[in-house]
Structures are given as structure tokens and as C-alpha cells.
Amino acid sequence: METLVFQKPKSIHKDCKVTFCPGCDHGVAIRIIAEVLDEMNIADKTIVVSSIGCSVFLNDYYNLDIVEAPHGRAMAVATGVKRAKPDKLVFTYQGDGDFASIGLGESMHAISRGEKVTAICINNTNYGMTGGQMAPTTILGQKTTTTVNGRDAEVQGYPIKICEMASTCEGAAFVARCSLDSSKEIENTKRMIRKAFESQLAGQGASVIEILSTCPTNWKLSPQESHERIRKELYPVFPLGIYKEKTSKQV
Amino acid sequence: MLLKKGIDMGRVVIDSEKCKGCLLCVDVCPKKILKKSETFNAKGIYTVYADDKNNECIGCALCAKRCPDIAITEVYR
Ligand SMILES: Cc1ncc(C[n+]2csc(CCOP(=O)(O)OP(=O)(O)O)c2C)c(N)n1
Ligand code: SF4
Ligand code: SF4
């Protein structure tokens, strides 16, 4: 007897066509979130807040209730959704540009207020959708279309570190940085997403999952070289791990 | 769609029209069964197929979990 050991998650539309560039990790992130929702059996009580960036068509993939937020405002929209529907699981799916550039104010204030929502932030160190411009997370020396000679601290300043920053907020309950560069890290990222959702459902506060992700098109690297770049260049600047974890007693 | 039947072994179902030929699945397959195809799909992409004449697939699903396009739609063991 054959047993089915893997299938497309139920939270993904049956005839969904993933429209990211070949080898882009966005697709993996979207699938593992759906797997977590299915495994926790909470798809029907989930409301997703999508954002502006390469993941703008999230509603085409997810078989879930979705609100599209204006650029950068996902955490503000999520605040409203969660306060109106406190029994729902509410999470945002945002790029690093959306979360930490135009939306930095909304993101940090929502986390500081301890809104019981989860932010999932895809850190690919550039603005993917608009053609690979510098993002707040672009690392020093990285060439983008707006830092043609590489990011220079004297001119463009230093990269913003999302997890380090979010974990200083009292309202933050669970903050972790993970990656999708290998099968092992994909599994770990799934675990972290689940922990964040559990923390939200336990009413502990805001949770943030930053996922180091590839953008082969704008990095001008193959998908394989892009994963290599994550390990070699991004790990030292953005160390993986749990940056904050409130136990229920601290709530 | 490529299907491979095995006895008490693994089997992967690949939707060639969804495959974008990134070859990430090829790298993670421990049995090196997945191969780049000589033919292309409707979008002109050289996709992958499971070359498993000796029924070596163990159904680990590492390929499906690595695929960014959910092009490996089912894995059996
Ligand atoms: C108010 C506003 N300003 C600017 C833009 C242009 N814009 C669209 S997506 C984007 C950034 C996308 O980068 P990121 O959030 O990192 O997501 P990615 O595409 O890399 O996944 C920008 C600046 C916009 N759509 N709306
Ligand atoms: S531009 Fe970059 S982030 Fe956007 S879909 Fe393509 S590879 Fe992915
Ligand atoms: S990982 Fe998916 S999209 Fe990439 S070559 Fe394999 S089946 Fe095709």
C-alpha cells in the first residue's frame, strides 16, 4: 500500500500557479506557512494581511481570508483586524522593504503595543518587485540598482536589523530569525512559524519571524548561488536564532 | 505530468507545467533520481523528471519541500 507523504497544503488554492521568479524562496515561505496552518487546523480562523512587494498576489495562492494593506501598513491593518476579531489568528506577510522601510513606524509601534499578531517578514536584502533597489536590510558592500558601487556606511548608513530591533520592544513575545537556504533550515523555519502562531493564540503579545530569503533575479545569481550567498554573506550580519521568547509567566 | 510506479518504494508526481527549471530539487535528492529534461513545457522551460528505472526513490519528499513552485504536487512512500 502506498501512503501519501506529501501533498499540496489545503490552505493553498487547488489550481494555484506560483508566479515568483524561478528558484525564489518566497514560494517556499508561502507553502510552509500553509502547512503550519493545516497542521494546526486553524485555517478557517485565520486572517492574512498581505502587503506590497513581490508577494502582492498572496490572495491568488492562499485559500484563506485576506486583507490587502497599503505599502508598509500591514501591521496597522493587522492591528485593526485583530482588535475587531480577537478570536482569529492574524498574520502579515511582508517584504523587508515593506516592513522595515516605508512601514518601520507601523511595524515597531504595533510590536511595542504588544498587538497579538504575527509579522512574517521576508528579508531578501533588496526591493525585489521594483527592480532590486537598496532596502534598509541591504548589507554593507552589497551592489543594488541604487548602490551601484556597493552600500557605503558613509553614504547610505548601516543595515537595519529587524529581529535585534523588534526584540527590544516590551510588547514583543516571540522574535526569531530563520532561513530557507537548506532543507534543514526550511524545517526549522516551519517550527519557528508554528511557535509564533502558538504564542499569538496564547495571547502573549506580538511575534516577528524574519526569514532570510533569496532574490536570484535581482542578486543576479543562480538559485543555488543565492543560497550560498545567504550562508556566506548574510549569516554573519543577520545571525539566525530566537531573539525573544516570553514564557507564559511573563505575560 | 510524470508518474513513476514502484513496489514498496517512493514515487513523486511532478506537474511539468508548474516547474520553472530551477533545479533546486535535483540538488537535494539523496538518490539523484531527478534529472533535467531534454524537452520543455508550454512556457519553454526545461523541466525536471524522475528517472527511476531501478525504483530507488525512498519517498523522503525532500524535493517537494525544497520546490518553490509546488510543482512536485504529491509524494508517495
Ligand atoms: C506608497 C508606495 N511607495 C512605493 C511603492 C513602490 N514599491 C512597490 S513594492 C516596493 C518594495 C518592495 O520590496 P520588499 O518589501 O522588500 O518586497 P519584495 O518585493 O522584495 O518581496 C516599493 C518601494 C508603492 N507601491 N507604494
Ligand atoms: S524579484 Fe526577487 S523576490 Fe521578487 S519574485 Fe523575483 S526573485 Fe523573488
Ligand atoms: S524545484 Fe520545483 S520548480 Fe525547481 S526544478 Fe524542481 S520541480 Fe521544477
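This section describes the nonpolar cores of chain A, the surroundings of two ligands and the fold of chain B. The model is predicted.

The largest nonpolar core holds 37 residues. Within this core, A:Tyr62, A:Phe197 and A:Ile209 touch the most other members. Several elements of chain A each supply at least two of its residues. The helices are H1 (26-40), H2 (58-61) and H8 (183-201). The strands are E4 (89-95), E5 (118-123), E8 (172-179) and E9 (206-212). Helix H1 of chain A gives the most to this core, with nine residues. The contacts of A:Phe197 were listed without residues up to four places away in sequence. On that basis, A:Phe197 touches A:Ile33, A:Val36, A:Leu37 and A:Met40. A:Phe197 also touches A:Leu89, A:Phe91, A:Thr118 and A:Ile120. Another core, of 24 residues, lies apart from the largest one. Its members include A:Ile47, A:Ala69, A:Cys163 and A:Ala166.

Ligand 2 is surrounded by residues of chain A. Among them are the cysteines A:Cys21, A:Cys24, A:Cys54 and A:Cys215. The shell also includes A:Phe20, A:His26, A:Asn124 and A:Gly128. A:Pro216, A:Thr217 and A:Asn218 lie around ligand 2 as well. Helix H9 (residues 216-219) of chain A provides the largest share of this shell, three residues. By class, six residues of the shell are nonpolar and five are polar. None is charged.

Ligand 3 is surrounded by residues of chain B. The cysteines B:Cys19, B:Cys22, B:Cys25 and B:Cys67 are among them. The shell also includes B:Lys20, B:Gly21, B:Leu23 and B:Val48. B:Pro68, B:Asp69, B:Ala71 and B:Ile72 belong to it too. Nine residues of this shell are nonpolar, one is polar and two are charged. Ligand 3 sits in the second largest cavity.

Chain B contains two helices and four strands. Along the sequence, the pattern is β-α-β-β-α-β. Of its 77 residues, 55% count as buried. Among contacts in chain B between residues at least 6 apart in sequence, 57% join residues at least 24 apart.

Two residues of chain B other than glycine have a positive phi. B:Asn55 has a phi of about 55°. Phi of B:Ala61 is near 65°. B:Asn55 is found in the loop between strand E3 (46-50) and helix H2 (62-66) of chain B. B:Ala61 has its place in the loop between E3 and H2. B:Asn55 counts as partly exposed because its relative accessibility is 22%. B:Ala61, in contrast, is buried, with a relative accessible area of 4%.

How values were computed. Residues numbered from 1 in each chain as written. Chains lettered and ligands numbered in written order. Predicted model: local features only at pLDDT ≥ 70, side-chain atom pairs only at ≥ 80, totals over all residues. Heavy atoms only, no water. Core = buried A, V, L, I, M, F, W, Y, C linked by side-chain atoms within 4.5 Å. Buried < 20%, exposed > 50% of the residue type's maximum accessible area, 1.4 Å probe, protein only. Contact = heavy atoms within 4.5 Å. Near = heavy atom within 4 Å. 1 Å grid on protein atoms, 1.4 Å probe; cavity = no way out; pocket = protein on both sides within 12 Å on 5 of 7 lines; lining within 4 Å. Sits in = over half its atoms within 2 Å of the grid points. Nonpolar A, V, L, I, M, F, W, Y, C, P; charged D, E, K, R; others polar.
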